[in-house]
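These are my notebook entries on one protein structure. I set down what I looked up, entry by entry.

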Amino acid sequence: MARLEHDFGHAAIVILGTGALATARRIQSALPGAQVHALAGRVEADIAYSDLTGHLRDLYARNVPIIALCAAGILIRCIAPLLAHKGSEPPVLAVAEDGSAVVPLLGGLTGANVLARQLATALEVAPAITTSGELRFGTCLLNPPVGYALADLDHGKRFVSDLLAGASTRVEGEMPWLAAASLPLQADAAHAITLSPYAWQGERRQLVIHPRCVLAVLDRMDGDVVAHIQAALAAHGLAPQALAALVLPLAQACNAASAAAQALGVPLRLLDAGDVLESGTDQVIKADAAVTLHIAHGAIDIHRIGRPRGRLSVIGLGPGRADLLAPAARRALDEATDVLGYDTYVKMAGPFRADQTVHGSDNREELQRARHAFELALAGRRVVMVSSGDPGVFAMAAAVLEALDGADDVRWGGVELDIIPGISAALATAAVAGAPLGHDFCMLSLSDNLKPWAVIEQRLEHAAAADLALAFYNPISRARPWQLERALEIVRGHRRPETVVVLGRDIGRPGGTLRTLTLAELQASHVDMRTMVLIGSSMTRRFQLGHSPEWTYTPRWYPNPDA
Ligand code: SAH
């Protein structure tokens, strides 16, 4: 069930060059929350993309309203292949770079014309509206504002054609947005536009619009909640579209509750102990043991009902370059209300919008930071915890899970938690060098902040003896000056002096360098805390062919030691 909402705050304003930036910013100031997406390398804005077609298709597939400052033809060609699949359709608008034309192309039912009018007003031009009902009546009857839903789209289209063919209509109920429209009104008309929470009975001359005025309130998640609620609505003649939200106690939040709300096409709202349910309720119906329906006299502002289910996404930024960041992590950052992490990484993840709160902190307070993240998520915020590389490799994901594992507050378990992987420094470095980790390898942190040095030595002994390629994270720091030399001593006890070593420093970041040398040449002074140390196995090779760069690799195969 599609929600017909006019909230364009998550719209993408897509530009190709600097020529469009000024217009894009004007549009942005009329649409707080919308971001300017610019072609990487050509112009800097809020979000960089590298491939226009792919980016537009991704936005469209994710149902993000698209305002592209380019020729309508370009936009149409990019999106055309997706149009065959019938799904929900976001508004898609082409806007002239200089702001002189606003053309809604797709998404008439998801607000394209409303958005076009809004942009046209901001740009002081006339929108290029082509929808006949809109032109005649000045509003799209089939696209009521947030808080209201149309009973039946196909029927709605027939109703509008009746009006276009000359029928007049009555208006039953308070629909303030219709006041601005120029409808063919007549008090005794056979046609009627009716506001009602009750299901449309199939009367041809009636256009029913449902106020979202019903809350389905549950004490707990039990059985088939969706079926229960649907049955409860039906038993009282209420339209499914009149449902405004699924309401549960905060302590009952879980993935199944989110899934149920999604299946019902409504938001999930959570009430903590002490939260009062203020819905302006007219009527409370105890539908069955599990479901209570609260019916208000008009559309319910769901933002006033408890809080949403909070989310904590633990993401990895990859080595640093924007195009090595997973799209899922990018999305989490775009959707975040709060961003936490070590200052350096938080900066790397930015820039952030004014409506996003950034909580930077010192690197050592990991468990504390994890707890803070859960507290924010419990309040309904969308929290992103950033790590560099992969969040599960010597980074925040384990700290977050440890905090959850040891939590006293079971409500933390109801936070939507997802861990989004990233490209770890060892892998990013290996890729630049070639494939030094092409066979079995071992990742070790040389930091003895969180484990005894004796354990590190012992693991090094075993890994070196096993002829595994080695990846050293946290190889050295000012507080740990001697450990790397000691580690190399152990490795040298098992590997030949000519063993290939790769040092990657700031890989995937500005000024990144890669250096290939031998174990004999390697000194601690070549390495700092921003360096990844890869030590080859006995099989790791380096070569150069003609004008190729020097490549390093470890073959997939291994000789039989008994042969
Ligand atoms: N979670 C991170 C690792 C954090 S430990 C990851 O998966 O990559 C921090 C160590 O990672 C640093 O001391 C350094 O050894 C390494 N590192 C992180 N980013 C790096 C980069 N861009 N280039 C080289 N090494 C890096």
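The entries below go from the whole chain to the ligand, and then to single residues.

**Entry 1: the whole protein**

I record at the outset that this is a predicted model. I looked up the overall extent and found that the C-alpha trace spans about 100 × 55 × 45 Å along its principal axes. The protein has 563 residues, and buried residues make up 47% of them. I counted the secondary structure next: there are 15 helices and 28 strands.

**Entry 2: domains**

Where do the domains of the protein begin and end? The domain assignment gives domain 1 as 12-130, domain 2 as 148-211 and domain 3 as 214-306. Domain 4 follows at 311-423, and domain 5 at 429-553. I also looked up how far apart domain 3 and domain 5 are, and their C-alpha centres lie 57 Å apart.

**Entry 3: surroundings of the ligand**

I then turned to the ligand and found that 20 residues surround it. The closest are Val-393, Ser-424, Ala-425, Met-529 and Thr-531. Sorted by class, the shell holds 10 nonpolar, six polar and four charged residues.

Which domains give residues to this shell? Both domain 4 (311-423) and domain 5 (429-553) do, and therefore I note the ligand as lying between them.

**Entry 4: atoms that approach the ligand**

I looked up three distances between N or O atoms of the protein and atoms of the ligand.

- A backbone N or O atom of Thr-531 lies 2.7 Å from an oxygen atom of the ligand.
- In the side chain of Arg-509, an N or O atom is 3.2 Å from a nitrogen atom of the ligand.
- For Asp-506, a backbone N or O atom lies 3.4 Å from a nitrogen atom of the ligand.

How much of the ligand does the protein bury? Taken alone, the ligand exposes 550 Å², and the protein buries 94% of that.

**Entry 5: Asp-506 and Asp-467**

Asp-506 appeared in the previous entry, with a backbone atom 3.4 Å from a ligand nitrogen, and I looked it up again here. Asp-506 is found in the loop between β24 (500-505) and β25 (513-518). Its phi is near 50°, a positive value in a residue other than glycine. Is Asp-506 buried or exposed? Its relative accessibility is 7%, so Asp-506 counts as buried.

I found a positive phi at Asp-467 too, near 55°, and this residue is likewise not a glycine. Asp-467 lies in the loop between α14 (453-465) and β23 (469-473). With a relative accessible area of 14%, Asp-467 is buried.

**Entry 6: aromatic pairs**

The structure holds six aromatic pairs, and I examined two of them. Tyr-148 and Trp-177 form a tilted pair, with 4.6 Å from centre to centre and 50° between the planes. Why does this pair tie together separate parts of the chain? Tyr-148 lies in strand β7 (residues 148-150) and Trp-177 in the loop between β8 (169-172) and β9 (191-195), so the parts it joins are 29 residues apart in sequence. Both Tyr-148 and Trp-177 are buried.

The second pair is that of Phe-543 and Tyr-553: the ring centres are 5.9 Å apart and the planes stand at 85°, so the pair is edge-to-face. Phe-543 belongs to strand β27 (residues 541-543) and Tyr-553 to strand β28 (residues 551-553), 10 residues apart. Phe-543 is partly exposed, with a relative accessible area of 38%. Tyr-553 is partly exposed as well, at 34%.

**Entry 7: a cis peptide bond and a polar contact**

I looked up the peptide bond between Gly-350 and Pro-351 and found it to be cis, with omega about 5°. Pro-351 is placed in the loop between α10 (343-349) and β18 (357-361).

Which side chain makes a polar contact with that of Arg-311? The partner is the side chain of Glu-335, at 2.8 Å. Arg-311 sits in strand β16 (residues 311-316). At 14% relative accessibility, Arg-311 counts as buried.

**Entry 8: Val-386**

My last entry concerns Val-386, which is found in strand β19 (residues 382-387). Its relative accessibility is 1%, so Val-386 counts as buried. I also looked up its separation from Ala-465: the two are 79 residues apart in sequence and 35 Å apart in space, C-alpha to C-alpha.

Key: Residues numbered from 1 in each chain as written. Predicted model: local features only at pLDDT ≥ 70, side-chain atom pairs only at ≥ 80, totals over all residues. Heavy atoms only, no water. Domains from an automatic or database assignment. Phe/Tyr/Trp six-rings, centres within 6.5 Å; stacked < 30°, edge-to-face > 60°. Helix = DSSP H or I, 4+ residues; strand = E, 2+ residues; numbered from the N terminus. Buried < 20%, exposed > 50% of the residue type's maximum accessible area, 1.4 Å probe, protein only. Near = heavy atom within 4 Å. Polar contact = N/O pair within 3.5 Å; in protein donor to acceptor, adjacent residues only side chain to side chain. Areas by Shrake-Rupley, 256 points an atom, 1.4 Å probe, with all protein chains shown as cover. Nonpolar A, V, L, I, M, F, W, Y, C, P; charged D, E, K, R; others polar.
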